[in-house]
Amino acid sequence: MATRYRGLYSKMRAKKAARGTWQAHAPSGTSHLGLHKRALFILLWGHAMKYFYLSFCLGLLTLPVSVAAEDGHDAWLRYASIDAASMRAHYDMLPATTLALGDSPTLKTTQAELIRGVRGMLGRTLRADANFPHEGAIVLGTFGDVKTTLPAINLPTSLREDGFLLKTVVVKGFPCLLITAPNDRGVLYGVFALLSKIARHQSLTGLDEAQQPSAPIRWVNEWDNLNGSIERGYAGGSIFFENGSVRADLTRAGDYARILASVGINGCTINNVNADPRVLEDSFLPQLARVAKVFRPWGVTLSISVDMSSPKVVGGLDTFDPLDPHVAEWWQKKVDAIYKQIPDFGGVVVKADSEGRLGPSTYGRTPADAANVIARALKPHGGVVFYRAFVYNHHLDWRDPKNDRARAAYDIFHPLDGKFDENVIIQIKYGPIDFQVREPASPLLAGLHSTNEAIELQITQEYLGQQRHLCFLPSLWKEVLDFDMHADGRSTPVKELVAGRSWHRPLGGFVGVADVGMDANWLGHPLAMANLYGFGRLAWDPNLSAGAIAEEWTRLTFGNDPVVVRTITAMQLTSWHIYESYTGPLGAGTLTNILGSHYGPGIESSERNGWGQWHRADHEGIGMDRSVATGTGYVGQYPPAAAKLYESTKATPDALLLFFHHVPYTYVLHSGKTVIQHIYDSHYEGADRAQELVRQWKSLDGHVDEERYAAVLARLNYQAGHAIVWRDAVCTWFFRLSGIADAHGRVDHYPDRIEAEGMQLQGYSPVEVTPSETASGGKAIECAAQEQSCEATFRFDRPAGWYELDVEYFDQNNGESKFRVLVGNQEVDEWVASDHLPATKLNGDSSARRRITGLALRPGDEIHIQGFPDGEEHAPLDYVEIHTWQRDQ
Ligand code: GCV
């Protein structure tokens with residue numbers, strides 16, 4: 001807080017504490033019960049799965065449960081105590097001993113995790129034995145060890161690496177639980193699966209279950225920079241780097257590896273794909289080895305992103321031409337040096353010829369030339385190259401209607417199919433543009449028959465609300481993974497293609513861009529970790545439904561209270577559609593500011609520049625014509641059956657219409673609405689449903705711990721306010737451009753709103769906001785530079801009653817202005833604009849809402865808003881909106 005206000009502000013607080021009549025509720029300030037009762041319904045559980053036959057029935061229990069505060073650090077690995085004796089009793093059959101048939105670091109970690117989990121949930125400390133005890137035991141070991149020690153046990157022959165078996169067996173007359181796998185990482189995964197069952201109160205009776213991952217590649221990428229910042233990270237600084245080096249304390253990196261392992265993620269690339277060449281300096285390699293060391297016990301393979309120009313920049317050669325023998329030799333020596341320090345190093349990720357990164361095009365070489373030179377160096381060590389297909393020209397001529405960025409990946413990589421070495425994997429973003437709120441599956445996913453591929457999904461919500469908005473991504477990912485490309489005229493869903501199954505590729509799978517940070521809860525929003533969990537679960541089994549994933553995650557993260565499970569699962573499952581509704585519907589792109597933050601509304605930012613994220617809206621219509629007949633020809637990149645779905649406006653699903661076609665605003669959708677009315681309606685519905693999320697969450701007051709309850713409520717309240725900023729910006733923009741009014745008369749008509757520039761101003765003056773649609777009426781007010789405080793006043797002229805006041809202000813990150821609201825002489829609220837929104841000026845990124853509820857107002861009341869500027873932020877205000885107060889909302 002700036003010194004000049006500190007005194008004033010503490011006085012304001014003291015005054016407020018002394019007052020009593022007026023009630024102002026800060027959105028996140030709701031109080032909750034620390035202790036409460038909750039009913040636990042435990043299910044009648046019966047499965048008919050091949051390896052999974054069990055059923056038991058547990059009763060209805062009512063018991064007091066302490067809801068302790070949590071900060072999210074444990075993610076879904078909380079191992080919360082099962083307090084109900086009757087529930088705990090169902091696990092009495094678990095042996096008291098655990099026997100590890102080997103001593104690899106991973107097996108040791110596995111045994112320790114089992115002990116930790118059982119102790120946390122059941123309050124029992126398993127004994128760790130090295131020899132077979134003369135009693136039942138939980139036996140941990142690889143197939144190899146089991147065959148040697150317990151030759152009588154039949155092991156399945158079909159399980160591949162990382163798969164596992166959980167089986168009740170009898171050894172030397174004692175009932176044992178066997179957790180075994182082809183490799184020790186699989187045993188670790190088996191233990192996590194067992195602990196997850198207990199945490200979700202599932203039965204272990206007669207356990208006989210084998211699981212197998214869908215694909216060998218299940219990796220995350222972290223876009224961390226060596227200075228400790230994270231590109232597109234929204235939860236604090238890097239857990240790996242600080243000040244140009246690997247962090248001295250890697251505790252969180254180890255904790256993260258544990259979280260990854262618990263959902264079967266087996267690799268992690270720790271630095272930004274916009275790679276700093278210094279990671280390949282010899283002096284850096286021992287630092288990387290330190291990260292590998294904390295990953296190793298969890299079976300997480302370390303990899304790094306590398307810059308193609310490294311042979312020149314780091315190696316001092318006069319070229320980085322991938323076909324130059326000196327360059328090949330340099331890569332070989334460098335890779336050998338890495339493996340000397342990190343024998344289980346996984347490989348490298350390459351972003352080249354993309355967004356200003358240097359690449360093989362410098363020498364007229366292809367991506368295959370570039371990928372192969374590194375792949376050959378890695379091959380003797382078993383390493384792989386992930387070569388990203390995110391290669392495009394960001395200086396496209398927007399005036400040429402045939403230009404289309406969406407074509408780039410297929411145009412560049414399809415002709416190279418079969419030219420990549422066997423240890424190269426082409427890493428393909430799920431859509432052809434860039435992680436938009438809705439895109440069709442990239443046609444390149446079906447365009448590589450003789451090359452390994454992996455799908456790149458984004459866990460960090462770059463274009464999807466940056467973890468300030470709730471957006472459950474497995475719903476989006478499932479649509480892409482389940483999409484059937486019909487390649488070769490047969491069924492080839494994306495999930496099969498990327499797993500390498502459709503064309504029998506040896507490698508393939510899933511890469512998720514996670515960008516976790518130093519914030520205790522890893523991703524910022526307490527509910528956003530469902531996306532990391534969902535990524536891991538889908539990489540393991542893409543046939544899981546989004547609903548099953550949301551429910552699993554909720555049980556593990558918030559417990560098994562049926563009300564909690566039902567409510568959070570429902571919120572997660574609607575959240576992507578809600579976000580899409582108030583941002584960019586019908587496949588037009590997210591409609592965010594693509595030239596800067598990628599956060600708030602910036603509808604025009606994508607047009608008339610070379611980045612190619614065009615929606616081509618004009619006075620008549622909107623959308624990119626990508627058809628073969630009249631457009632850019634992009635549709636022709638899909639196999640014929642899929643292309644047929646998108647070539648005509650009639651066949652194209654409404655949700656993707658504007659991605660594939662340019663249509664007039666009056667075009668009638670399959671839904672029966674015109675495009676323009678759909679835009680208006682979806683934005684109003686989306687904003688209303690964002691408010692509904694707040695109501696849903698509030699119904700959990702007392703059912704979840706206070707810390708996470710308050711943190712989620714604050715984010716949801718913010719989201720509900722920001723959804724209105726989005727709604728108004730998008731609707732206003734399209735109304736002005738099309739000239740077509742909203743059939744329901746809502747757009748540009750806000751009867752409850754009082755514009756700040758229309759109030760009586762002292763020290764404040766009106767300013768234009770750019771883009772204009774991001775402020776109500778295109779204008780806001782700011783204190784003049786020399787003012788220490790300013791005031792805007794208006795007179796309340798509605799009937800006496802209870803009201804709520806929404807104050808729309810701007811919260812830049814280059815100052816912390818203070819605001820105070822008074823009715824007459826009485827202060828009713830005060831706050832500091834100290835959020836860290838991605839904006840240094842007034843726009844849709846910085847626009848924020850303060851809701852003041854429960855105000856008794858009478859006609860003639862004067863309402864004053866006082867602003868106290870700070871730094872570059874001049875206490876900016878947009879408007880006030882007054883609604884009748886409904887107590888329960
Ligand atoms: C790491 C988008 C993002 C960039 C990102 C790039 C990529 O353009 O905005 O931050 O760079 O994608 O995936 O390489």
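Which helix lies across β19 and β20? Select residues 473-482: that is helix α12, and the two strands under inspection are β19 (452-458) and β20 (508-513). Measure the axes and you should find α12 running at about 150° to β19. Keep in mind throughout that this is a predicted model.

**The barrel**

Stay with β19 and β20, and bring in their partners. Both belong to a closed barrel of 8 strands, which you can follow as β11-β14-β15-β16-β17-β18-β19-β20. The pairing here is parallel. From one strand to the next, the twist averages 25°.

For a look at one pair in detail, pick β16 (residues 347-350) and β17 (residues 384-388). These two run parallel and are joined by 4 bridges. Click on Gly347 and then on Val384 in β17: they are bridge partners.

Now leave β16 and go into the loop that leads to α10 (367-378), where you'll find Asp353. Check the backbone of Asp353: phi is near 50°, a positive value, and the residue isn't a glycine.

**The ligand**

Next, select the ligand and show what is around it. Its surroundings are made up of 14 residues, and the closest are Glu231, Lys351, Arg388, Lys429 and Glu462. Colour that shell by character and you get 3 nonpolar, 3 polar and 8 charged residues.

Three distances are worth drawing, each ending on a ligand oxygen atom:

- From Glu231, a polar side-chain atom lies 2.4 Å from a ligand oxygen.
- From Glu462, a side-chain N or O atom is 2.5 Å from a ligand oxygen.
- From Lys429, a side-chain N or O atom sits 2.6 Å from an oxygen of the ligand.

How much of the ligand does the protein cover? Of the 340 Å² of accessible area the ligand has on its own, 96% is covered.

**The open sheet**

Hide the ligand and move to another sheet, an open one of 6 strands. Trace it in the order β6-β5-β7-β9-β8-β10, and note that the pairing is mixed. A reminder before you show the backbone: strands of a sheet pair through backbone hydrogen bonds, either parallel or antiparallel.

Which strands form the edges of this sheet? Select 127-129 for β6 and 208-211 for β10; each of them pairs on one side only. Neighbouring strands of the sheet are turned by 25° against each other on average, direction ignored.

At the β10 edge, add β8 (residues 164-171), which pairs with β10 in the antiparallel sense over 4 bridges. Zoom in on Lys167 and you'll see Asp208 of β10 standing opposite.

**Last stop: a cis bond**

Jump along the chain to β25 (764-768) and β26 (779-783), and look in the loop between them for Pro771. What is the peptide bond from Thr770 to Pro771, cis or trans? It is cis, with omega near -10°.

Technical notes: Residues numbered from 1 in each chain as written. Predicted model: local features only at pLDDT ≥ 70, side-chain atom pairs only at ≥ 80, totals over all residues. Heavy atoms only, no water. Near = heavy atom within 4 Å. Polar contact = N/O pair within 3.5 Å; in protein donor to acceptor, adjacent residues only side chain to side chain. Areas by Shrake-Rupley, 256 points an atom, 1.4 Å probe, with all protein chains shown as cover. Nonpolar A, V, L, I, M, F, W, Y, C, P; charged D, E, K, R; others polar. Pairing = 2+ DSSP bridges. Axes fitted to C-alpha atoms, helices over the stretch in contact; angles between N-to-C directions. Contact = heavy atoms within 4.5 Å.
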